[in-house]
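Work through the exercises below with the model open. Try each task before reading its solution.

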Amino acid sequence: MTVPSSTMSSSVSTSRGMLPSARLDAHGSNSGTPGSFGQSVPEFNDTDETGLLSVSWNQDHGCFAAGTTHGFRIYSCDPFKEIFRRDLKSGGFGIVEMLFRSNILALVGAGTNSQYPPSKVIIWDDYERRCIGEFSFRSDVRAVKLRRDRIVVVVEHKIYVYNFTDLKLLQQIETLANPRGLCCLSHHSNTFVLACPGLQRGLVRIEHFGLNMTKLIKAHDSHVACLTLTMDGLLLASASTKGTLIRIFNTMDGTRLQEVRRGSDNAEIYSIALSPNVQWLAVSSEKGTVHIFNLRVRVVGEDSSNHSITAQGPAPFYRNSSNSLDALISPNAGANPGSSLSFMKGFLPKYFSSEWSFAQFRVPEDTQFIATFGSQNTVIIVGMDGSFYRCSFDHLNGGEMLQQEYHSFLKKGHLES
């Protein structure tokens with residue numbers, strides 16, 4: 001692990017320390033009340049035009065935050081509902097990061113925000129209606145990630161890890177140029193795992209803070225474009241700038257567990273999501289299709305015996321534990337379709353033996369979408385055009401997903417399907 005440098009390229013200020021979190025009221029007791037960000041204004045009238053700058057899930061994917069040209073809005077996914085919004089005269093926020101469903105948010109201003117520049121992180125307590133901490137940097141902030149005990153700030157070539165209670169700098173991690181702000185965290189209380197780009201192309205760095213261990217995984221030949229962790233941090237899913245393959249890794253030893261194929265043409269990957277039971281993987285890309293893959297990785301009991309992994313063998317199970325990940329052979333697992341020429345895979349390019357998606361849903365190609373899993377074999381998709389989709393897939397037969405719900409959440413009548 002990198003020892004924090006004595007020369008910091010950031011500064012921190014606090015306001016009477018951190019406060020305990022209060023839960024957001026999903027029934028709207030805060031809705032429509034402007035926050036006290038210095039210059040605040042009432043809610044918009046019918047003629048106001050609001051642009052969307054960012055969308056992001058909270059840690060359990062039950063809510064999402066939308067950064068707009070005038071502030072930010074918070075939505076619940078099930079049921080779909082706008083929880084509250086904050087509108088400002090000074091401009092919008094390019095990054096809005098929730099802390100589960102609490103009142104604490106991390107905010108980074110957009111370039112047009114006259115009061116909050118994109119090089120400053122604001123830790124905002126919406127219950128107290130005040131800023132409780134600030135981080136200022138010499139360059140623009142690319143991403144902010146929150147845990148209940150940590151704040152992680154990503155800039156172009158470095159990642160800063162802070163203690164949440166006193167905002168003290170704990171760690172600095174150097175990366176390759178990281179304009180996408182790639183970084184993800186585990187969210188179990190007994191494990192703290194961080195994944196980010198390494199210092200070489202295609203390399204993913206895994207920090208197991210509780211174990212004081214760093215693991216470097218050569219995930220791709222091209223630059224890493226997207227990555228995500230399971231809630232306990234023991235599995236990593238990643239894609240490269242080519243966007244054709246998504247790979248699943250054991251973060252403890254770096255073993256590649258499974259590889260699935262989005263398509264044969266290069267594409268920008270917008271999001272990767274793992275279902276809570278680690279049975280499904282969702283991928284959205286610029287090609288206008290959200291793909292669902294069946295994972296041959298299963299949670300097993302503590303009484304399972306250990307087996308070695310071979311590169312050619314079936315993908316393994318994994319044990320849901322804070323400090324171990326045991327791979328077991330699963331001869332019958334997996335339902336993704338493969339090529340009919342797979343019997344010749346020893347003589348044909350890798351493309352012909354790839355696992356293809358199990359289920360699909362089409363969205364407009366000219367819009368960026370992020371996807372995650374809802375309850376009971378549903379997928380939630382949110383777009384930068386202000387669209388919200390809920391669709392379901394047949395967990396036995398796959399195929400085209402069925403749209404169950406649609407909202408245009410930036411419009412005044414966004415609750416009309």
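**Exercise 1.** How many disulfides does the structure hold?

*Solution.* Note that this is a predicted model. Step one: recall that a disulfide is a covalent bond between the sulfur atoms of two cysteines. Step two: apply the cut-off, sulfur atoms within 2.5 Å. Step three: the count for this structure is zero. C196 is in no disulfide, and its nearest cysteine sulfur, in C183, lies 5.9 Å away. For C226, the closest cysteine sulfur is that of C184, at 8.7 Å, which is too far for a bond.

**Exercise 2.** Classify C196 and C226: buried or exposed?

*Solution.* Buried means under 20% relative accessible area. C196 has 0% relative accessibility, so C196 counts as buried. C226 has 8%, so C226 is also buried.

**Exercise 3.** Place C226 in its sheet: which residue is its bridge partner in strand 19?

*Solution.* Start with the sheet. Four strands make an open, antiparallel sheet, ordered 18-19-20-21. Its edges are strand 18 (224-229) and strand 21 (256-261), each paired on one side only. On average, neighbouring strands are turned by 20° against each other, direction ignored. Next, take the pair in question. Strand 18 and strand 19 (residues 235-240) run antiparallel and are joined by five bridges. Finally, read off the partner: C226 bridges to A239.

**Exercise 4.** Where is F137, and how far apart in space are F137 and P118?

*Solution.* F137 belongs to strand 9 (residues 130-137). Its relative accessible area is 8%, so F137 is buried. F137 and P118 are 19 residues apart in sequence. Their C-alpha atoms are 9.1 Å apart in space.

Terms used
Residues are numbered from 1 along each chain as its sequence is written. This is a predicted model: local features need pLDDT of at least 70, side-chain atom pairs count only at pLDDT 80 or more; totals for chains, interfaces and linings use all residues. Side-chain values use heavy atoms; hydrogens and water are left out. Buried means under 20% relative accessible area, exposed over 50%, partly exposed in between (1.4 Å probe, protein chains only). Helices (H or I, at least four residues) and strands (E, at least two) are DSSP runs, numbered from the N terminus. Two strands pair if DSSP finds at least two bridges between them. Axes are lines fitted to C-alpha atoms, for helices over the stretch in contact, and angles run from 0 to 180 degrees between N-to-C directions.
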